[in-house]
Structure formats: structure tokens, C-alpha cells
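Trainee: Could we go through this model together? I'd like to start with the terms and then ask about whatever catches my eye.

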Amino acid sequence: MCQARRILHSLRQAARARRLTWLPPPFGRLPAAGRCKSRLAASVGGDAAAGLYARLLERTLAAGARAGRFTRRVVAVADAGDVARMRVWVAALRGGALRGRYEVVAQRQGALGERLESALADEFKRAHEEGEEGGYGRCAVVVGSDAPGLSAAVLDAAAGRLLDGGEQAAEAVLGPAADGGYYLLGLTRPVPEAFDGVPWSTAEVAAVTRRKLEAAGARLAEASALPTLRDVDDWRSLGEWAREARAGEPEDVSDALLDVLLVRQAEADL
């Protein structure tokens, strides 16, 4: 009996060690005019910006649902008052295909770095309280919602760098954005130093974060572990991404173009 319990315990521990928690996107907002994409809205208006954001968020959630290395998926909403409406919105996406795939929760309040740190810390705390032994036993990956090139393959590649390779597996992985920020951060343990004193909304975000992770002793995946993707934040970046998408694979173009009118307008403006 004791031997059977030990075997069962070992099997459970092995399964837990392979789990990955995913947190898409940590800064999710309800797609509504005046509530999201303020920089883009200044050029195209609130309704058009909200429509674009809805497509971006839908693409992000669909990619997460297709990724095979994740066992828990969370949308952390910026405004606690929007949690119920966001649940309804997510459940209705793609004919209900995403119903039940995501838990929708409210973010903690604070500055950007504080909210990121809290979102990841809450997941690690949850895993620890569920009985993980010998460490946290899970990884957490947090992503943004404005990188249309984010795919299930990219998410699974991030999971692979954190979960595969035994002692050589990374403890942290960054998905670099073309503007110097990052669209993805994955960790195997809390590293609060990674969010302290980061010059958010600048071209130095990813570089500073990498230095902070290394200084904190986290085993960081190589800079080329994940592809560099473009964020769509404003009128110009929308046009730049549209041109890149058009030059990509045909299936990517058909799936990725967000709003034909906005894309054409943005390209004409460049």
C-alpha cells in the first residue's frame, strides 16, 4: 500500500511539473470606445480603435486556446467592474468556441510594473497552495494583447524553453517587441526585481528587464528564443504591421488582417 501511494505521488508530481499557467493578457480591457487603444483612437476615432482592439484580443485568446502546453488560461481585466461583461464577451467569441476556456478575473490596482508582478505572483501563490512540492512546480506566461503575430506556436515555444531540457531549462523567457518592449514574459518562479524601476513605454523596456532578470539570478533564455513581433499601438504601427503581414504566408495574411479599411488608411498615411 505504501509503495502504491509513493508511485501515485510520483506520478502526480511529474504531471504537475509539466503544467504551465498562461495569463493572457494582463492588461485586458473591455473592447469599448473610449476604454482602449487611446493612441490609435486619436487618429481613427474611438469606435474604430475599439473594433481593432477587439480583433487583436480575439486573436490573442484564440492563439492561447490552440496552444497545447497550457492547462490554465486567465484574462485579467483592468477594471473590476468589467469582469462580468468580459466573461460574456469571451464566451461569445468565434461562435462560442472559447466558452469555458478562460477564467476572467480583475487585476490588482497599481502601476504597470506592480500589476504585472501581482498577476504572476498570484499564479505562483495559487500553485504553491495547491500542494506543489519542491518549488513552485509550474510556470506562468504573461502576454499582451496587441501583437497580432502572436501564435500558438510562439506560445508553445515559450513553454518549451521553460519546461524542457531538465536543468538546462530556462527560468525566464522574453518575447521581444519591435519597439523595444516585450509581448511575452515567462517565469518559473517569482522575480519581483524584474518589474522594479523599468522605464515603461520606452525602447529600453526589454533590455532593462533582461538585465534585471540576470541580476536576480534567473537563468534567462537566449535573446533569439522567441521571434521579434510588432505591437500595434498607433496609426503608424498598424500600417507597418499590415505591410509585413502581406509579405508573410498566405494563411497568416487571411487570418491576420484586422480591419481592411483601417489597414488601407494606415498604409496610405505612411
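Mentor: Let us fix one term first: a polar contact is a pair of N or O atoms within 3.5 Å, where within protein one must be able to donate a hydrogen and the other to accept it, and residues adjacent in sequence count only if both atoms are side-chain atoms. The model is predicted, so local features need pLDDT of at least 70 and side-chain atom pairs count only at pLDDT 80 or more, while totals for chains, interfaces and linings use all residues. Residues are numbered from 1 along each chain as its sequence is written, and side-chain values use heavy atoms, with hydrogens and water left out.

Trainee: Okay, which side chain makes a polar contact with the side chain of Arg115?

Mentor: That is Gln107, at 3.0 Å. Arg115 itself sits in helix H5, residues 112-129, where helices (H or I, at least four residues) and strands (E, at least two) are DSSP runs numbered from the N terminus.

Trainee: And what is the nearest side chain of opposite charge to Arg115?

Mentor: It is Glu114, 7.1 Å away, and Arg115 is buried yet has no salt bridge. Buried means under 20% relative accessible area, exposed over 50% and partly exposed in between, with a 1.4 Å probe and protein chains only. A salt bridge is a side-chain nitrogen of Lys or Arg within 4 Å of a carboxyl oxygen of Asp or Glu; for charge, Lys and Arg count as positive and Asp and Glu as negative, with His and the chain ends not counted.

Trainee: What about Arg73, buried or exposed?

Mentor: Arg73, in strand E2 (residues 72-77), is buried and has no salt bridge, with Asp156 as the nearest side chain of opposite charge at 7.0 Å. Its side chain does reach the backbone oxygen of Gly64 at 2.8 Å, and a polar atom of that side chain lies 3.4 Å from the backbone oxygen of Phe70.

Trainee: Switching topic, how many residues are in the largest nonpolar core?

Mentor: There are 22, and Leu184 and Leu226 are among those with the most contacts inside it. A nonpolar core here is a set of buried Ala, Val, Leu, Ile, Met, Phe, Trp, Tyr and Cys residues joined through side-chain atoms within 4.5 Å. Strand E4 (139-143), helix H6 (152-163) and strand E6 (182-187) each supply at least two residues of the largest core, and the largest share, 7 residues, comes from H6.

Trainee: Which residues of H7 are buried?

Mentor: They are Val205, Ala206, Val208, Thr209 and Leu213. Seen down the axis of H7, they fall within an arc of 160°, so they line one face of the helix; the arc is that of the directions from the helix axis to the C-beta atoms. Strand E5 (172-176) and E6 are included in what covers them.

Trainee: And what does Leu213 touch?

Mentor: Leaving aside residues up to four places away in sequence, its contacts (heavy atoms within 4.5 Å) include Ala172, Leu185, Leu187 and Val191. Leu213 counts as buried at 0% relative accessibility.

Trainee: Last one: where is Ser201, and what is its phi near?

Mentor: Ser201 lies in the loop between E6 and helix H7 (205-215), and its phi is near 65°, a positive value in a residue other than glycine. Most residues other than glycine have a negative phi. Ser201 is exposed, with a relative accessible area of 78%.
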